[in-house]
Amino acid sequence: MKIIVLNGSPKGDNSGTLQYVNYLAKLHSQHQFEALHVAQRIRRIEQDPAAFAETIEKIRQADAVIWSFPLYYMLVHGHYKRFIELIFERGVQDAFAGKYTAAISTSIHFFDNTAHNYIHGICDDLGMRFVESFSPDMSDLFNLEGRKQLEGFGRRFLAALETGAPTQRKYAPVTWQPWSYQPGPVNSPKDLGGKKTVILYDGEPGQANILSMAQRLRDSLKGEVRFVNLREVDIKAGCQGCIHCGMDNECVFEGKDGYIEFYRSTIMTSDVLIYLGAIHDRYLSARWKTFFDRSFFNTHTPVLRGKHMAFVLSGPFSRQENLHELLQGYAEVMDIQLVGVVSDEVGSPVDLDALLDQLAANITAAALEKSTRPATFLGVGGMKVFRDDIWGRLRAVFQADYRAYRRLGTFKTFPQRQFGVVMLNTFGAPLLRIPPVKRWFQKSMIKNMVMPAKQMVERAGAN
Ligand SMILES: Cc1cc2nc3c(=O)[nH]c(=O)nc-3n(C[C@H](O)[C@H](O)[C@H](O)COP(=O)(O)O)c2cc1C
């Protein structure tokens with residue numbers, strides 16, 4: 001059988017993920033695996049119709065497709081995203097429809113779930129027969145259990161192809177009827193009180209609602225507002241995954257385009273960030289994705305900590321749970337306060353005016369009060385993945401993060417570094433093993449657990 005491997009790594013043949021697929025190809029040499037480096041070659045594929053047609057024809061002729069990709073900023077690389085957009089823009093979904101498919105990524109398991117949800121959703125949109133998502137850690141190939149799991153994935157995928165196994169759709173289609181938003185007059189702009197704000201909108205052609213919403217927000221805010229079209233930010237290329245930035249947060253593109261200067265001087269110096277963009281397939285545009293990928297020159301350091309943020313989207317946001325998780329997770333891990341997400345799917349100009357006005361009021365109040373909210377599992381869990389890996393196996397490569405985490409006290413959150421926890425576990429835990437103490441503790445557990453909280457309630461309002 002002929003299997004096309006859509007390689008989503010900007011590193012092409014040097015992709016670590018691709019080695020997992022090559023490993024399977026070697027074990028199953030009776031089948032023909034061919035890798036297409038669609039992320040690395042995106043410029044050619046996008047600009048040269050013959051290159052695009054050749055790529056699609058290979059897919060059309062194949063029996064199955066494997067999506068092989070590294071995790072990039074909780075999703076796939078911006079170039080891979082662009083390739084996916086081209087499939088829909090150029091109407092070649094039929095080359096994929098009905099084909100068996102599976103997805104394999106490598107990562108450090110930081111939001112690998114959202115990337116796989118995304119690819120699975122795309123496969124469902126393309127009418128493919130999705131067999132399995134496989135998400136090993138980037139070092140799993142080097143241990144026996146990891147290789148056994150990989151071999152199992154390969155066997156299951158090929159068996160599905162050979163037996164014509166039934167597959168089930170997971171994501172319902174998302175349809176959307178665009179409409180034209182004409183904003184009404186703004187009555188009382190909100191005073192930003194000296195808080196620097198950037199409104200960054202993706203002014204792509206054909207998305208007039210984005211510009212209208214951006215303008216409405218600009219008119220709703222009084223103070224220093226920088227109004228920037230993402231299409232005019234000088235981004236020459238996507239992140240190439242070289243990790244040059246790991247040592248000192250210096251990117252190889254420094255001085256070669258305007259992105260880093262823009263990010264440092266506009267994004268990092270603002271107090272309030274308002275990002276606007278249209279939903280494309282099941283995420284924002286590839287342009288936005290490249291914007292996020294390139295911000296990786298700051299590696300895993302939360303350089304936007306304490307800022308207040310909002311997203312304003314055009315498209316069916318309420319039916320994009322994965323996108324919701326991505327935006328919230330992004331903000332929480334960056335330690336940014338996500339004040340709200342508004343989308344034009346509300347459908348009427350009056351309602352959209354009201355939502356945008358409310359957003360302007362909320363974000364102004366939140367920034368002025370410096371209000372914070374607790375993170376959910378997304379932020380808490382995500383940060384622990386980073387903390388452990390930067391302290392551990394990634395320290396040598398990401399030395400800038402290690403220095404930043406030490407400065408920010410991130411490693412102090414290790415439980416073994418907390419005096420109270422150490423005392424509790426050293427003395428409290430053995431004490432509770434003594435039978436009478438254990439009996440007393442178990443009997444009065446419910447009352448004892450809530451007692452400190454009740455005492456706080458009693459003291460509420462005292463200071
Ligand atoms: C810019 C950038 C962003 C990344 N984002 C993530 C991420 O969000 N989650 C994750 O688990 N790993 C992330 N990684 C790690 C890569 O996914 C991982 O190293 C992968 O194995 C690289 O595969 P490749 O060699 O096939 O490109 C990122 C790496 C880079 C360079």
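1. Helices (H or I, at least four residues) and strands (E, at least two) are DSSP runs, numbered from the N terminus, and contact between them means heavy atoms within 4.5 Å. Axes are lines fitted to C-alpha atoms, for helices over the stretch in contact, and angles run from 0 to 180 degrees between N-to-C directions. With these terms in hand, helix 1 (residues 16-27) can be described as lying across strand 1 (2-7), strand 2, strand 3 and strand 4, with a direction at about 130 degrees to strand 4.

2. This is a predicted model, in which local features need pLDDT of at least 70 and side-chain atom pairs count only at pLDDT 80 or more, while totals for chains, interfaces and linings use all residues. Residues are numbered from 1 along each chain as its sequence is written, and side-chain values use heavy atoms, with hydrogens and water left out.

3. The domain assignment, whose bounds come from an automatic or database source, divides the chain into domain 1 (2-163), domain 2 (190-377) and domain 3 (418-463). Taken over C-alpha atoms, the centres of domain 1 and domain 3 are 51 Å apart.

4. One open sheet has five strands in the order 2-1-3-4-5, and its pairing is parallel, where two strands pair if DSSP finds at least two bridges between them. Strand 2 (32-36) and strand 5 (129-134) are at the edges and have a single partner strand each, so one side of each is left without a neighbour in the sheet. On average, neighbouring strands of this sheet are turned by 20 degrees against each other, direction ignored.

5. Within that sheet, strand 3 (residues 64-70) and strand 4 (residues 100-106) run parallel and are joined by seven bridges; Val65 stands opposite Thr101 in strand 4. Helix 3 (residues 49-61) lies across strand 1, strand 2 and strand 3, and runs at about 155 degrees to strand 2.

6. A further open sheet, also of five strands with parallel pairing, has the order 9-7-10-11-12. Its edge strands are strand 9 (225-229) and strand 12 (337-343), each of which pairs on one side only, and the twist from one strand to the next averages 15 degrees. Five bridges join strand 7 (residues 197-201) to strand 9 in parallel, and Thr197 has Val225 as its bridge partner in strand 9.

7. Which strands does helix 7 lie across? Helix 7 (residues 208-220) lies across strand 7, strand 9, strand 10 (272-278) and strand 11 (308-314), at about 145 degrees to strand 11, whereas helix 9 (residues 259-267) lies across strand 7, strand 9 and strand 10, at about 140 degrees to strand 7.

8. Around the ligand there are 19 residues, of which Ser15, Gly16, Thr17, Leu71 and Thr106 come nearest; a residue is counted if one of its heavy atoms lies within 4 Å. A polar side-chain atom of Ser9 lies 2.7 Å from an oxygen atom of the ligand, and a backbone N or O atom of Met74 lies 2.8 Å from an oxygen atom of the ligand.

How values were computed. A polar contact is a pair of N or O atoms within 3.5 Å; within protein, one must be able to donate a hydrogen and the other to accept it, and residues adjacent in sequence count only if both atoms are side-chain atoms.
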